[in-house]
Amino acid sequence: MHPLLADLLAHGPVVTDGAWGTQLQARGLAVGEFPDAWNLTHPGSVEEVARGYVEAGSRVILTNTFGANRIRLAEQDSAIAGRVAEINRCGVEISRRATGACAKVFASIGPTGKLLMSGDVTPDEMSAAFTEQAQALAAAGADALVVESMCDIEEAKLAVAAAKTTGLPVVASMVYDHGKNHDRTMMGTTPEQDAVSLAEAGADVIGANCGRGIADFVTVCRRLRAATGLPLWMKANAGLPELVQDRTVYRTTPEEFAKHVPALVAAGAGFIGGCCGTSPGFIRAVAAGLADSSQ
Amino acid sequence: MQDVKPLYEAVLRGDAAAARAITEQALAAGIEPIRVVNDYMVPAMDEVGRRFECNEYFVPELLLAARAMKGALELVRPLLVKSGIKPLGKVVVGTVRGDLHDIGKNLVSAMLEGGGFEVIDLGVNVSPEKFIEAVKSKNANIVALSALLTTTMPAMKLTIDAFKTAGMRDQVKIFVGGAPVTQKFADDIGADGYSENAPGVVGLAKLHTGAAA
């Protein structure tokens, strides 16, 4: 195991962070506005979000760079379309200002939004975009890289391989929200299949994020634990989103969310956090839950 | 007697080469083009949709089958046009304003084309005005709206309202879909239909255009 990961995991499961999008929206990010651009235009607000999680107890926080690959940036305003290196560098620097020495910065790499199977992009174009982003994040001083919210194992494999070119530890996290039991990705692969593919691609940590709520995550975690010896990364949503009077609302409370933590730990989770709809309050509840169960 | 049954299997399996080859042979043997489509291709796509809804097929199987159907249909279409047979309907498809996600929308387009509809795909971040303009210029009778974010769902209501304001609401059937969209939301905003997944849109479209289900 990479020494950074071994150190983190030495004293039990590690609290990661929660959602950034909803936190930025609470600070004025408009509907349809590209969150990563705020690294350039509103770095102070992005730093507030990062600090919020550090103060809530996150020992690992991510970066506001989920969409900052060349392919997704090309869809944005021409003012930011070419600024891959800058957006990623600023993202890492902002998170680092928030963590200081208190927490680690695991930089976020999200999907390109294109489907390889439809020929939207070639594998080479996709690899190049992920490599460019990964290198920029590493050069800015990220402690590790998180390839997250992946719905297509073929894309995830390319992203992991690209991330590994930096020499940093790499987390690979998939979205399981299809199939009768919400245990398949959109493309139909299972946790067992993905564990093999991702380990082969060089992932140091394997896991799941987003999805349809934390209850499903315990089973996914158990199945990953049975399929791999690598540390496991779990970041569930606070339930399913609802549109209530034009605002997005997630129904799961921090307390309900944290109730699942002991089961996740028992199922083998090493890194526990939240995805869409979660907030520093959720992370405080998770941290408290972990502190209780370690006594 | 030409055996066209393997065409059904070829589309179901997503075997584009076999689907084309069998279709070529069937047409050369004088089988009526509309029979090739309605008796073999369409039932195959219906079965693909059913398997997807039963969680037996996933996106890759859908894409392969739609591709096989589309390739075979390319051989048949000129003959259908020549004999005056039109597509089942014209569907304007797009992801609503503010939303750049297109995978779901692309699946819907593929399934509708495979299902015998003509598709006008407007892409992503499509304004209500652009939907209206496309319906007018292409004489479309169906509009399919996609959104992947709860925050862009309100644009679906704006689009429907824009059709009302333009006095065109009764000319089209408007369907909505996307991960956060629900039947309740569709009812609340006055949509004509909601589908939980891409194959379901084909059934909706057939229902509302009076085509045989």
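**Exercise 1. Decide whether B:K184 counts as buried or exposed.**

Solution. This is a predicted model. Start with the neighbour count: B:K184 has 11 C-beta neighbours inside 10 Å. The cut-off for exposed is 12 or fewer. B:K184 therefore counts as exposed. Next, place the residue: B:K184 is in helix α8 of chain B, residues 183-188. Finally, take a distance. B:R13 is 171 residues away from B:K184 along the chain, and their C-alpha atoms are separated by 35 Å.

**Exercise 2. Classify A:E55 in the same way, and give its distance to A:T99.**

Solution. Count again: A:E55 has 13 C-beta neighbours inside 10 Å. Exposed needs 12 or fewer, and buried needs 20 or more. A:E55 falls in between, so it counts as partly exposed. The residue sits in helix α4 of chain A, residues 43-56. In sequence, A:E55 and A:T99 are 44 residues apart. In space, C-alpha to C-alpha, they are 9.1 Å apart.

**Exercise 3. Describe the side of chain B that touches chain A.**

Solution. Begin with the contacts: 18 residues of chain B meet 18 residues of chain A. Then find the helices. In chain B, α4 (59-82) and α5 (103-114) each supply at least two residues of this side. The largest share, three residues, comes from α4(B). Last, sort by class: the side of chain B that touches chain A has 10 nonpolar, seven polar and one charged residues.

**Exercise 4. Locate the strand pairing of A:L145 within its sheet.**

Solution. Lay out the sheet first. Eight strands of chain A form an open sheet, ordered β1-β10-β7-β6-β5-β4-β3-β2, with parallel pairing. Its edge strands are β1 (14-15) and β2 (60-61) of chain A, each pairing on one side only. Now zoom in: β4 (residues 144-150) and β5 (residues 170-174) of chain A pair in the parallel sense over four bridges. A:L145 stands opposite A:V170 in β5(A). Add the helix: α8 of chain A (residues 123-139) packs on the sheet and touches β3 (104-109) and β4 of chain A. The direction of this helix makes about 165° with that of β3(A).

**Exercise 5. Place A:L145 in the largest nonpolar core, and say why this core lies between two domains of chain B.**

Solution. The core holds 172 residues. A:L145 is one of those that touch the most other members, along with A:V147, A:M234, B:V11, B:M41 and B:L62. Domain 1 (5-82) and domain 2 (90-209) of chain B both give residues to this core, so it lies between them. Now list contacts. Leaving out residues up to four places away in sequence, A:L145 touches residues including A:F106, A:I109, A:L137 and A:V170.

Note on methods. Residues numbered from 1 in each chain as written. Chains lettered and ligands numbered in written order. Predicted model: local features only at pLDDT ≥ 70, side-chain atom pairs only at ≥ 80, totals over all residues. Contact = placed C-beta atoms within 7 Å. Nonpolar A, V, L, I, M, F, W, Y, C, P; charged D, E, K, R; others polar. Core = buried A, V, L, I, M, F, W, Y, C linked by C-beta atoms within 7 Å. Domains from an automatic or database assignment. Pairing = 2+ DSSP bridges. Axes fitted to C-alpha atoms, helices over the stretch in contact; angles between N-to-C directions.
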